[in-house]
Amino acid sequence: MTTLRRFCCNDLLRITTFHIDHLGETNSLSFFISYLAAWTNSFHVAVAPCNRIMGYILGKVEGQEIHKHCEIASVAVAGEYGKLALVKKLVDRLEEVTDKIDKAFYMDVMVRPSNTVAKEMYRRLGYVFLNRLSNPGEGDWLQLRKALSGLLALSEYISSVQPSAADVETVPYDVDDDGSSWLSDDDDDDGTNAFLMR
Ligand SMILES: CC(C)(COP(=O)(O)OP(=O)(O)OC[C@H]1O[C@@H](n2cnc3c(N)ncnc32)[C@H](O)[C@@H]1OP(=O)(O)O)[C@@H](O)C(=O)NCCC(=O)NCCS
């Protein structure tokens, strides 16, 4: 059985033995330590019954209010545990913590354009393409994004309080020559003026 738990200091030396291919951008010990110190909640491991680390995921929560989000900084599954959909468990866990505990609005991840496995994997997990970014000396990255429950609820609320384009087009409004009013009270038999003023 696989156990998912938060990453702890003792795990540090155990994950550096991970064989990560060049597209996974092998990370240094100081990289992991800095994430562990700053974003403890966003660093998780999957552990096998024999206590071996099967995979890990780490992210950083940044931004304020509606821009608060978690960027997946690294995710990897050890070769012998590959193709078991373990990565979905790790991503699901980080999304859940980000949504429920950090109360952030969306997830972001950067993927190399040539990392076909990761692109397809994130597509299946509900991530959509947002941008292609180029940093001099660093090559290109694809920015992928997934909305969490707070953002979905907010967008549902906005569409429920905002009249749709179809509603607005059917309003028989009249603009006076001086532009002072959209609709005279006399013309408002069907209550559309009252609707717009709500
Ligand atoms: C990408 C990665 C996290 C996928 O983890 P996983 O738990 O094996 O994922 P899944 O079991 O859902 O498999 C997803 C796909 O990965 C590919 N894959 C996974 N392990 C593989 C292996 N050992 N050999 C070849 N392909 C493999 C397959 O294409 C699979 O698709 P399929 O189900 O149609 O066969 C893992 O391969 C990995 O650690 N890669 C190196 C680091 C990396 O690229 N991280 C993502 C950067 S953002």
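Does Lys 83 count as buried or exposed, and how many C-beta neighbours does Lys 83 have inside 10 Å? Lys 83 counts as exposed, because only 12 or fewer such neighbours are allowed for that class and Lys 83 has 8 C-beta neighbours inside 10 Å. The model discussed here is predicted.

## Confidence and overall architecture

The mean pLDDT of the chain is 84, and 78% of the residues reach 70 or more. Over residues 191-198 pLDDT stays under 50, and for this segment the model has five contacts beyond four places in sequence.

The chain contains seven helices and seven strands. Their succession along the sequence is β-α-α-β-β-β-α-β-α-β-β-α-α-α. Of the 198 residues, 20% count as buried. Among contacts with a separation of 6 or more, 56% involve residues 24 or more positions apart.

## The sheet

The seven strands form an open sheet with mixed pairing, in the order S1-S2-S3-S4-S5-S7-S6. Strand S1 (3-6) and strand S6 (128-135) stand at the edges; each has a single partner strand, so one side of each is left without a neighbour in the sheet. Direction ignored, neighbouring strands of this sheet are turned by 25° against each other on average. In general, strands of a sheet pair through backbone hydrogen bonds, in either a parallel or an antiparallel manner.

The pairings from S1 to S4 can be set side by side.

| Strand pair | Sense | Bridges |
|---|---|---|
| S1 and S2 | antiparallel | four bridges |
| S2 and S3 | antiparallel | five bridges |
| S3 and S4 | antiparallel | eight bridges |

Individual bridge partners give the register of these pairs. Leu 4 has Ala 46 in S2 as its bridge partner. Phe 43 stands opposite Leu 58 in S3, and the bridge partner of Leu 58 in S4 is Ser 74.

Two hairpins connect these strands. The hairpin of S2 and S3 has five residues between the strands, and Asn 51 takes a positive phi near 75° there. In the hairpin of S3 and S4, with six residues between the strands, Gly 63 takes a positive phi near 90°.

Helix H2 (residues 29-38) lies across S2, strand S3 (53-62) and strand S4 (69-77), and runs at about 60° to S3.

## The nonpolar core

Which residues of the largest nonpolar core touch the most other members? They are Tyr 56, Ile 57, Val 75, Leu 90 and Val 109, in a core of 31 residues. At least two residues of this core come from each of S2, S3, S4, helix H3 (86-100), strand S5 (106-111), helix H4 (116-124) and strand S7 (139-147). S4 supplies the largest share, five residues. Leaving out residues up to four places away in sequence, Val 75 touches Ile 57, Val 87, Leu 90 and Val 91.

## Cys 70 and Asp 92

Cys 70 is placed in strand S4. With 26 other C-beta atoms within 10 Å, Cys 70 is buried, because 20 or more such atoms suffice for that class. Beyond four places in sequence, the contacts of Cys 70 are Ser 42, Gly 59, Lys 60, Val 61, Leu 94, Thr 98, Asp 102, Ala 104 and Met 107. The C-alpha atoms of Cys 70 and Phe 105 are separated by 8.3 Å, although these residues are 35 residues apart along the chain.

Asp 92 is placed in helix H3. Asp 92 has 13 other C-beta atoms within 10 Å and is therefore partly exposed. The C-alpha atoms of Asp 92 and Leu 125, which are 33 residues apart along the chain, are separated by 8.7 Å.

## The loop between S4 and H3

Lys 83, the subject of the opening question, lies in the loop between S4 and H3. Its phi is positive, at about 60°, although Lys 83 is not a glycine. Ala 85 also has its place in the loop between S4 and H3, and Ala 85 has a positive phi of about 60° without being a glycine. Ala 85 is exposed, with 10 other C-beta atoms within 10 Å.

Notes. Residues are numbered from 1 along each chain as its sequence is written. This is a predicted model: local features need pLDDT of at least 70, side-chain atom pairs count only at pLDDT 80 or more; totals for chains, interfaces and linings use all residues. Two residues are in contact if their C-beta atoms, placed from the backbone, lie within 7 Å. Two strands pair if DSSP finds at least two bridges between them. Axes are lines fitted to C-alpha atoms, for helices over the stretch in contact, and angles run from 0 to 180 degrees between N-to-C directions. A nonpolar core is a set of buried Ala, Val, Leu, Ile, Met, Phe, Trp, Tyr and Cys residues joined through C-beta atoms within 7 Å. pLDDT is the predictor's confidence in each residue, from 0 to 100.
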